[in-house]
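Look at the ligand first, then at the backbone. Work through each question before reading its answer.

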Amino acid sequence: MMIRANIKGCGSYLPERIVTNDQLAERVDTSDEWIRQRTGIRHRYVAGENELTSDLATKAALAALEHAGIDATEIDLIVCATATPDETFPATATVVQRNLGVTKGAAFDLQAVCSGFVYGLSVVDSLLKTGQARTALLIGAETFSRILDWEDRSTCVLFGDGAGAIVLQAEEGTGDITDSGILNTHIYSDGRYHDALYVDGGPSSTGTAGFLRMEGKEVFRQAVSRMPEAIDTALQTSGLSPSDIDWLVPHQANIRIIEAMGKKLKLPKDRVVVTVDKHANTSAASIPLALTEAVYDGRIKRGDIVMMAAMGGGFTWGSALLRW
Ligand code: UT7
């Protein structure tokens with residue numbers, strides 16, 4: 001017997017406003033053709049002026065609770081993966097906690113940028129397994145539009161806003177691969193790569209929020225090797241092979257990175273969930289947004305083996321293997 005973190009439901013939220021590539025081409029020297037060819041992105045969602053990360057997070061959380069059929073009063077852990085919190089402190093997760101009327105347990109933010117959701121799965125899995133919580137909300141929520149330099153065409157076309165959430169509950173499993181829930185997680189970081197992807201501001205450095213800076217090529221190069229490595233480790237740990245993967249739900253940064261991963265795993269294209277075309281890169285929100293789409297449209301079914309992998313600033317990266 002062992003405790004498993006079972007996923008009881010998921011949900012997501014996107015802001016109302018869609019910004020197309022053509023609209024961006026009116027602001028910076030770019031084109032719909034360049035953006036689609038190099039990234040696969042067709043449009044992205046951008047939060048309203050008064051819409052905060054916590055607002056997106058709360059809406060995604062409510063959708064996930066409804067989907068799970070679980071009342072907010074049962075929640076005793078809220079983890080919000082975000083690199084764009086409402087304020088420097090307190091944690092955006094505590095704002096969500098207040099919005100949901102939850103008054104027990106713990107709520108905190110987790111900062112691993114685009115790897116935030118995979119890191120969050122690892123942290124929540126551990127807390128549920130050690131009995132420190134029973135019913136958890138894991139949210140990935142971002143308003144990257146607020147930290148983009150809208151004059152920099154090499155970054156401003158790549159990101160979007162949004163949120164996704166899942167509800168997890170500690171349940172008894174057998175401990176083997178037939179269990180549903182999180183099967184294993186592997187998380188990594190290497191701070192030597194700071195300069196390849198960072199924000200040039202913050203409370204302790206400039207006192208301003210700063211803007212995202214990225215050496216895209218270096219990130220690309222690392223992403224196409226680190227994520228497959230983390231996936232291999234997940235497969236080895238569980239004794240599975242790539243052909244056992246029913247669905248790959250990768251971080252959504254660039255269609256070329258996603259396709260390269262699918263190819264390395266020899267996965268047919270229709271086993272890879274892609275939303276980067278509609279959402280662009282929503283950092284910690286991208287995996288739960290993609291997951292929710294594929295669960296709601298019936299692709300991902302109970303019992304399916306789902307592999308997640310992400311890579312982001314730090315660098316941080318990792319994988320999470322679960323049975324839906
Ligand atoms: O979530 C984790 C973080 N992000 C990622 O995983 C992103 C990883 N990187 C990438 O997705 C890609 O490297 C990018 C999409 C960012 C860039 O694609 P690329 O094929 O590596 O292009 P590049 O940076 O080599 O740029 C090629 C050309 C350059 O012009 P020159 O030097 O060849 O004359 C750029 O100045 O494209 C130019 N360029 C643009 N042109 C039109 C860069 N951005 C744009 C743009 N529109 N928006």
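Q: From which domains does the shell around the ligand draw at least three residues each?
A: This is a predicted model, where local features need pLDDT of at least 70, side-chain atom pairs count only at pLDDT 80 or more, and totals for chains, interfaces and linings use all residues. Residues are numbered from 1 along each chain as its sequence is written, and side-chain values use heavy atoms, with hydrogens and water left out. Domain bounds come from an automatic or database domain assignment. The shell takes at least three residues from each of domain 1 (2-173) and domain 2 (181-323).

Q: How many residues surround the ligand?
A: A residue is near the ligand if one of its heavy atoms lies within 4 Å of it. The closest are Thr 30, Arg 38, Lys 217, His 251 and Asn 254. The full number is 23.

Q: How many residues of the shell are charged?
A: Asp, Glu, Lys and Arg count as charged; Ala, Val, Leu, Ile, Met, Phe, Trp, Tyr, Cys and Pro as nonpolar; the others, Gly among them, as polar. The shell has eleven nonpolar and seven polar residues. The charged ones number five.

Q: Which element gives the largest share of the shell?
A: Helices (H or I, at least four residues) and strands (E, at least two) are DSSP runs, numbered from the N terminus. The largest share is four residues. It comes from H7.

Q: How far is a polar side-chain atom of His 251 from an oxygen atom of the ligand?
A: A polar contact is a pair of N or O atoms within 3.5 Å. Trp 34 has a side-chain N or O atom 3.2 Å from a ligand oxygen. A polar backbone atom of Arg 153 lies 2.9 Å from a ligand nitrogen. For His 251, the distance is 2.7 Å.

Q: Which peptide bond has omega near -10 degrees?
A: One cis bond, from Phe 89 to Pro 90, has omega near 0 degrees. Pro 90 is in the loop between strand S4 (77-81) and helix H4 (92-100). Phe 315 is in the loop between strand S12 (305-312) and strand S13 (316-323). The cis bond with omega near -10 degrees runs from Gly 314 to Phe 315.

Conventions:
Polar contact = N/O pair within 3.5 Å; in protein donor to acceptor, adjacent residues only side chain to side chain.
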